[in-house]
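New to this one? Here's a quick briefing to keep beside you while you look around.

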Amino acid sequence: MSSTVFATLLDRIQSRRATVGVIGLGYVGLPLAVEFAHAGFDVTGFDVDASKVAEINAGRSYIPDVPVEELAAVVQAGRLHATSDMSLLAGMDAIDICVPTPLRKTKDPDLSYVVLAVEAVAATLKPGQLVILESTTYPGTTDEVVHPMLEAKGLRADADFFLAFSPERVDPGNQSFTTKNIPKIVGGFGPSSTEAAAALYESTVAHVVRVSSTRVAEMVKLLENTFRAVNIGLVNEIALMCHKMDINVWEVIDAAKTKPFGFMPFYPGPGLGGHCIPIDPVYLSWKARQSGFECRFIELAGQVNSSMPAYVVERVAEALNTVRKAINGSRIHLIGVAYKRDVNDIRESPALDILELLTRRGAQLSYSDPFVPQLKHDGRTLTAVDLAQALAAKPDCVIICTDHTGCDYSALVQSRTLVVDTRNALKHEQSPLIFAL
Ligand SMILES: NC(=O)c1ccc[n+]([C@@H]2O[C@H](COP(=O)([O-])OP(=O)(O)OC[C@H]3O[C@@H](n4cnc5c(N)ncnc54)[C@H](O)[C@@H]3O)[C@@H](O)[C@H]2O)c1
């Protein structure tokens with residue numbers, strides 16, 4: 001059967017007659033579904049969250065990287081439709097799985113979302129379907145977990161159906177590199193699977209890079225994110241060192257990056273956040289440990305990066321000390337709680353750890369963040385306040401946690417408030433009231 005089903009699938013993809021299903025319509029899945037729709041495919045988005053399904057079908061975007069008008073246009077054109085009805089997977093030629101891959105409390109990989117999604121695919125799997133896992137995960141997941149589940153009813157991978165791994169590399173909030181122009185890595189269970197998946201992405205993204213296996217593709221993504229985690233860990237350690245040695249780390253980095261080769265700038269900050277950099281390296285070290293290998297760099301970077309929120313709190317204590325105040329009883333305002341600039345994602349955000357540590361030490365807290373109107377903290381819901389309003393209340397200290405574009409710091413500087421600046425947002429200001437990281 002294999003050559004016929006393969007040729008038929010390839011023809012349907014290349015002529016854009018293929019139906020494409022995207023499971024998981026979050027930061028990764030929704031932009032991808034919109035790109036497939038732009039490419040001319042008939043796209044169905046699947047999500048267990050009924051509110052997301054309703055928002056999409058109403059043409060409303062909840063992901064900042066997907067402009068409302070773009071989403072509304074593909075929905076109105078009938079190119080994209082969302083559902084929670086997993087039985088509709090039966091009608092898809094290609095299925096992309098973009099569900100979360102978090103850690104358990106024990107810091108082990110939590111593949112439960114992937115397993116549930118693959119169960120749904122397996123329940124209706126048909127000859128000729130292409131299944132691609134995009135969720136970030138440890139090397140071996142596609143071969144060892146997804147593959148046996150899909151073959152359970154007798155269809156064979158790379159012959160009757162096609163199976164590949166293709167990591168998502170999107171960087172939310174990045175205006176220059178998006179789902180469309182970031183090269184796509186593709187590794188299939190076998191050669192036909194690689195070609196089918198590559199054909200699908202070649203219709204949609206600018207450049208496709210084929211690798212020899214699903215394991216290599218899985219490892220590529222973990223190398224990329226481990227590289228970031230380790231380099232951020234290194235620069236955070238250099239920042240701590242520079243503070244002790246009274247050297248401005250930001251000036252050092254700015255000068256070092258003038259070297260046209262052999263150096264790439266990474267910046268210190270209040271700690272790692274988001275669904276990727278703090279988590280993905282742990283997937284890798286967990287899997288490596290099963291082969292008797294200890295990932296020392298990953299562990300060390302994790303220790304340095306996770307110590308940063310406590311260091312920020314110490315800087316706040318030092319700042320308050322200069323005006324004879326304690327954290328206990330002080331009113332402290334955070335600017336930015338999202339884990340990075342210009343996103344509304346607070347998953348693993350170091351601001352949450354800073355809020356927690358300051359609460360334990362008796363601070364009274366408020367925050368501003370145009371991307372995050374509300375926040376659950378310490379059993380309560382905090383509501384963002386306008387920065388001007390916060391400054392009018394004369395806080396004892398302000399922490400710049402996230403430097404969203406467009407934040408006007410002039411009123412902050414003029415207010416002569418103590419500031420702990422974890423992002424070098426006030427680099428042009430000289431004031432004894434400003435405490436850099
Ligand atoms: N956010 C990023 O910047 C980013 C970048 C690259 C890769 N990734 C990886 O992509 C994957 C998805 O991340 P995300 O940030 O898009 O997550 P997300 O939480 O924003 O979205 C996941 C979506 O999947 C849905 N979902 C969960 N289980 C489901 C199921 N069984 N069936 C249908 N829908 C289901 C959820 O309701 C949610 O809408 C993760 O593996 C992540 O590591 C994320």
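What follows is a short tour of the sheet, two of its helices and a pocket. Keep in mind that this is a predicted model. At the heart of the tour is an open sheet of 8 strands with mixed pairing.

**The sheet**
- Reading across the sheet, the strands come in the order β3-β2-β1-β4-β5-β6-β7-β8.
- The edges are β3 (80–83) and β8 (208–211), and each of these pairs on one side only.
- Neighbouring strands here are turned against each other by 25 degrees on average, if you ignore direction.
- Helix α8 (residues 214–244) packs on the sheet, where it touches β6 (162–165), β7 (184–188) and β8. The direction of α8 makes about 150 degrees with that of β7.

**Strand pairs worth a look**
- β1 pairs with strand β2 (residues 42–46) in the parallel sense, over 5 bridges.
- Want one spot to find in that pair? Val 20 has Val 43 in β2 as its bridge partner.
- β5 and β6 also run in the parallel sense, pairing over 4 bridges.
- Across from Ala 164 in β6 you'll find Ile 132.

**Strand β6, from both sides**
- In a regular strand, side chains alternate between the two faces of the sheet.
- β6 is covered on both faces. Phe 162 and Ala 164 are buried on one side, while Leu 163 and Phe 165 are buried on the other.

**Helix α5**
- How far apart are the end C-alpha atoms of helix α5 (residues 112–123)? They sit 16 Å apart, which agrees with the 16 Å that its 12 residues should span at 1.5 Å a residue.
- The buried residues in α5 are Val 114, Ala 117, Val 118, Ala 120, Val 121 and Ala 122.
- What do the buried residues of α5 pack against? Their partners are β1 (19–23), β4 (94–97), β5 (130–133) and α6 (141–151).

**The second largest pocket**
- This pocket has a volume of about 690 Å³.
- It is lined by 29 residues, and the closest to its centre are Lys 107, Pro 278, Val 282, Gly 302 and Ser 306.
- Helices α10 (280–290), α11 (296–321) and α12 (350–360) each supply at least two residues of the lining.
- Which helix gives the largest share of the lining? That's α11, with 8 residues.

Methods. Residues are numbered from 1 along each chain as its sequence is written. This is a predicted model: local features need pLDDT of at least 70, side-chain atom pairs count only at pLDDT 80 or more; totals for chains, interfaces and linings use all residues. Side-chain values use heavy atoms; hydrogens and water are left out. The expected span of a helix is 1.5 Å times one less than its number of residues. Buried means under 20% relative accessible area, exposed over 50%, partly exposed in between (1.4 Å probe, protein chains only). Contact means heavy atoms within 4.5 Å. Two strands pair if DSSP finds at least two bridges between them. Axes are lines fitted to C-alpha atoms, for helices over the stretch in contact, and angles run from 0 to 180 degrees between N-to-C directions. On a 1 Å grid over the protein atoms alone, a cavity is a set of points where a 1.4 Å probe fits but cannot get out, and a pocket is an open set with protein on both sides within 12 Å along at least five of seven lines; lining residues have an atom within 4 Å of a point. Grid points are joined across faces, edges and corners, and a volume is the space filled by probe spheres set on the points.
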